[in-house]
Amino acid sequence: MLRTGFLVSLVAAGISLASTAHAQQKTVYMPAILELSGPGAVSGTNFRDGMLMAIDEINKAGGILGHKIETPVLDTQSDAGTSRAQLQKVLDNKPYVVFGPVYSGSVLVDMLMTQKAEIPEIVGGEAAAITQKNNPYVFRTSFGQQFSMPKIANYIRDSIKAKSVALIWVNNDFGKGGRDNFTKEMKDRGIKVVADISTESGQADFSADVVKIKGANADAVFVYLNEEESARFLKEAKKQGIKAPLIGETTLLGQKVIDLAGGAADGVQGHVGLTVDAPIKAVQDFAAKFKARYNYVCDHNGIKGYTAVYFAKYVTEKVGKFDSKAFAAKAHGLTITPKEEPGILMEAMWDKNGDIDRESFLGEVVNGKQKIVKILPMLSKK
Amino acid sequence: MASFIQLLVSGLATGAIYALIAIGFTLLWQTSQTINFAQGEFVMLPAFFVLTAMNLGAPYWLAALIGIALAVVILGVLFKAIIVDPMIKHGVLPLVITTIALSLFLKESVKDFYSSQAQPFPALVAPRDLHFLGAVVSLQSVVVLAVAVASVIALHLLLNKTRLGRCMQATAQNPTVARILGIPVGRMVLYTFLINGVLVAIASLLISPIYLAKFTNGETLGMAAFIAAIIGGFNQVRGAILGGIILGVLDNLSAAYLSSSYRGAFPLLILIVVILFRPQGLLGRAEERAV
Amino acid sequence: MNRFGLLTVAVAAVAAIVLPFLLKPFGIYLISMWVVLTIAAIGLNLTLGYAGQVSMAQGAFVGIGAYAVALLTAAGWPFFPAFVIAGLLCFAIGWLLGYPALRVQHHYLAFVTLAFNTLVFLVLRNEEWLTNGTYGIAGTERPHLFGLSTDGARAFYFFCLGMLVLLAAATWWMLRSPWGRAFVALRENPIRALSLGLDTRRYTLMAFALGSTLGGLAGGLYAPLVQFIEPNSFSLNMSFNLLLMVIVGGSGRFFGPFVGALIAVLLPEWMRIAEGYYLIIYAMLVMILMVFCPTGVLGLVEKLFKPKKPPAAAAAPTLKAEATSR
């Protein structure tokens, strides 16, 4: 009987976990599904820490509509199948809103389920496809690649005045999505992509890639890699002396990459969708608070997580009750200003697809610091 | 041409790193039939020992010594005593599963108890670049190459020129006969684990300034070392260095001239070809049948 | 099998039928995943546990099967022909992968299959025209059976369970046929098997092909279960995980994969009580389990209940003893 007993107790224990939530009075169940282990752990951890900071602040101030936010954080192991299972687990407990995940593959499978369950999901994924499926329950708190890439493309055309560009990207769903959007925007603007270099996630040695880029002799180099790969690339690029301007999107100009690259990041320029270095006091205060609490510098995923919670709070208060369907209806076309809700940090607007619109920045790295050179207005305000 | 030389030089530097990790990998196999799937994590970990010691106020040299000492104790002595010894008589596979679990354990521990973020790591040598026939190579890479070659020479001398080394070789070749000859087989095996502990700690100190310290670093490094060890010869220390260098250079050349999205495939194809046509590896000696 | 064993299997069977009526959708999803992975692990157990050929590529076959079914059903094929094609495809590729096993054995074979697994991953990721690359394939439809949709969680679970019973029964029957005895002879002493007139060549290839087929069929169920597949899901991790199931359950024992898959699916889930540290604890438990019962859970059970039987006879193929041959 030993084995059977073991079996039953395992099953029972595995399942009963799902029902531990929910118990206390006056809470609202808003679980998060995030990449806490595996290759996505850096993004997931940042998102989680930003999110939990916002939740603590809101709960300390009395919660949402008098309800404390209850947010268990479930790990997807950076795997779509696991993320689907964890989402199923929280859906069984009727959540009000779901946060995460960050990996686009996981988002694409999870959002089908939240749509079926009619529960809003505020995701960290940036793939263009996420908001192009007519899913009224998916929202994001950062630019999708279909918005950030045109901004980069304009910058390369107007400010750099490049006729040709070399492209280096990381071959995962983040990098591939960016690469596909970027090449499309380049084609639309008549700029030639003379080198199109795929790299591996976790790649250590970038010398072959830099040799290829040097050989391509492009007017500009667009770098779309994750953080430590960005840093390794920048070091190698400096070593081999790439002359063309290095252009990046958000990650490449982040303080983390600048610190890791140790001087090799100077001169890098590009578009920054979301940054703790934005010349906005609320954002800088947030960054300082985050650093003080977690002892590391927050990246854009941290801001995504933080603002996601305040977004949910604001919409709920506008609706006046906890109603998932009404939440989704209300949030489309909504504009939130920091005056009404300081936690949103910057004025933001959500369109009919769940995409966010807000100001973004053009910046460059000078003496080991990100410097914002221009503020790009919201698309809807042009 | 300059770019070709650059690819060769860079590949050599990277290959030296792989070689340094592969050496310990082959040592463990030879004396204890341990296929250590956590070898990459073994290289990732000492950097965090050093960082922790430095956070507690130790100067770099002291922190580095502490890191090496901890690596020898934890990844050498404890790894052997707790994991390898109880399992060794049950064949290779349970031990393979255990080292896979160990690699997950080490990764997750570093992530949870230190940080998921990549950490800058102090350089052992000044970050200077050397120019060579139109190619650039960092001084760090040259030091790595030198250390790798020195390690192999030192090990070669130890194994072939000293009594201790010959005892270790006898243990590796036939533990039963070695025992009959009065060689303390257990202690010989322990020595190889200690050597591996030192090697991974040195590798960690050398690599982390270049690649940054991060909990996932072991995945790429471990697999590369594994491939290097097999190509060069799983039962020969000097095979590891050839394997590492072939892998590093091949990696670069295939990424530059063949296909960047299939760069990972070429070393694997070489590996398959080597196993099928020269299973003992390029420099390995054929294993004799024991029975 | 003795009375104790029969009773255990009967109780487990009843549990497998009753549980889905007691569980929420998440629980049903988990046990469905257990069923699917058990099928793949049975296949690996055949190749590894019975025939003694070390394969670290079972995850790749699950992937090939999953992609075959996902792509064919997306192209308008009904499920069953797609499912059969997935099995045949894996049979053919498995047969080819068996050829290296004719030249090299044990750890060398493990390395070749490991390399093969990564090559399959690269192809799945890079050949975007065929596989949709890193974007993956979402929304694989669940099959209709006799006009009934298996779209619901419980219905699909029973569909998978039915497949498991069918495939396990077929494997059981085969292991008792001369083939099965040939596989074991191959594991225990290939040279003797050869000298007894056994066509070791054919049986080696067959062991690979049949094991891979089961992997492919498991993949054919994985795609409609998760309804999203991407190359990452079928990287080395999946193969390692399946290997873990076989070894932890008890390699070379018919019910080993059932127990191993149960542990690999439920244990990490169960450990989530420990929140952030759950993977650390899971990894520790696996190490402890291996240190204390290297012959797997079933090996331990056998030792506890039948102390007279020498456990080594049915143990995992011990590579060490033969590491120096070939």
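## An exposed asparagine

Let's start with A:Asn367, which comes out as exposed with a relative accessibility of 68%. On the scale used here, exposed means over 50% relative accessible area, buried means under 20%, and partly exposed covers what is in between (1.4 Å probe, protein chains only). A:Asn367 belongs to the loop that joins β16 (360–366) to β17 (369–376) of chain A. Its phi is positive, at about 50°, even though the residue is not a glycine.

## Ground rules

This is a predicted model, where local features need pLDDT of at least 70 and side-chain atom pairs count only at pLDDT 80 or more, while totals for chains, interfaces and linings use all residues. Residues are numbered from 1 along each chain as its sequence is written, chains are lettered from A and ligands numbered from 1 in the order in which they are written, and side-chain values use heavy atoms, with hydrogens and water left out.

## Chain A overall

Chain A has 12 helices and 17 strands. These elements are DSSP runs numbered from the N terminus, with helices being H or I over at least four residues and strands being E over at least two. The C-alpha atoms fit in a box of roughly 65 × 60 × 40 Å along the principal axes. Why call chain A a match for a compact globule? Its radius of gyration is 21 Å, and a compact globule of 382 residues would be near 21 Å, so the two agree. That radius is taken over C-alpha atoms, and the globule rule is 2.2 Å times the number of residues to the power 0.38.

Of the 382 residues in chain A, 66% are buried. Take the contacts (heavy atoms within 4.5 Å) with a separation of 6 or more: 66% of those in chain A link residues 24 or more positions apart. The chain exposes about 13,000 Å², with carbon and sulfur atoms supplying 52% of that area. Accessible areas come from the Shrake-Rupley method with a 1.4 Å probe, and for residues only the protein chains shown count as cover.

## Backbone oddities and a buried serine

Most residues other than glycine have a negative phi, and most peptide bonds are trans. Besides A:Asn367, a second residue to look up is A:Asn217, with a positive phi near 55°. A:Asn217 is in the loop between α7 (207–216) and β10 (220–224) of chain A, and at 65% relative accessibility it counts as exposed. There's also a cis peptide bond, running from A:Gly100 to A:Pro101 with omega near -5°. A:Pro101 is in the loop between β5 (98–99) and α4 (104–117) of chain A.

Is A:Ser148, in helix α5 (residues 145–160) of chain A, buried or exposed? It is buried, with a relative accessible area of 2%. Apart from neighbours within four places in sequence, A:Ser148 contacts A:Phe143, A:Glu249 and A:His271.

## Chain B and its nonpolar patch

Chain B has 11 helices and two strands, in the order α-α-α-α-β-β-α-α-α-α-α-α-α along the sequence. Its C-alpha trace spans about 55 × 50 × 35 Å along the principal axes. With 291 residues, a compact globule would come out near 19 Å in radius of gyration, and chain B agrees at 19 Å. Buried residues are 59% of its 291. Among contacts with a separation of 6 or more, 75% in chain B are between residues 24 or more positions apart. Chain B exposes about 10,700 Å², and 71% of it is from carbon and sulfur atoms.

On the surface, B:Trp61, B:Leu62, B:Leu65, B:Ile66, B:Leu70, B:Val73, B:Ile74, B:Val77, B:Leu78 and B:Ile82 form a nonpolar patch with about 820 Å² of accessible area together. Patches are made of residues with over 30% relative accessible area and no salt bridge; like charges are joined within 9 Å and nonpolar side chains (Val, Leu, Ile, Met, Phe, Trp, Tyr) within 5 Å. A salt bridge here is a side-chain nitrogen of Lys or Arg within 4 Å of a carboxyl oxygen of Asp or Glu. One patch member, B:Val73, lies in helix α3 (residues 60–87) of chain B and is partly exposed at 41% relative accessible area.

## Where to be careful

The mean pLDDT (the predictor's confidence in each residue, from 0 to 100) of chain A is 89, and 93% of its residues reach 70 or more. Residues 1–24 of chain A are below 50, and this stretch has 37 contacts in the model beyond near neighbours in sequence. Where pLDDT is low, the predicted coordinates should not be read in detail.

Chain C has a mean pLDDT of 89, with 93% of its residues at 70 or more. Which elements of chain C have the lowest and the highest mean pLDDT? Helix α15 (residues 319–322) has the lowest, at 39, and helix α3 (residues 58–74) the highest, at 97. Residues 309–326 of chain C stay under 50, with 44 contacts beyond four places in sequence in the model.
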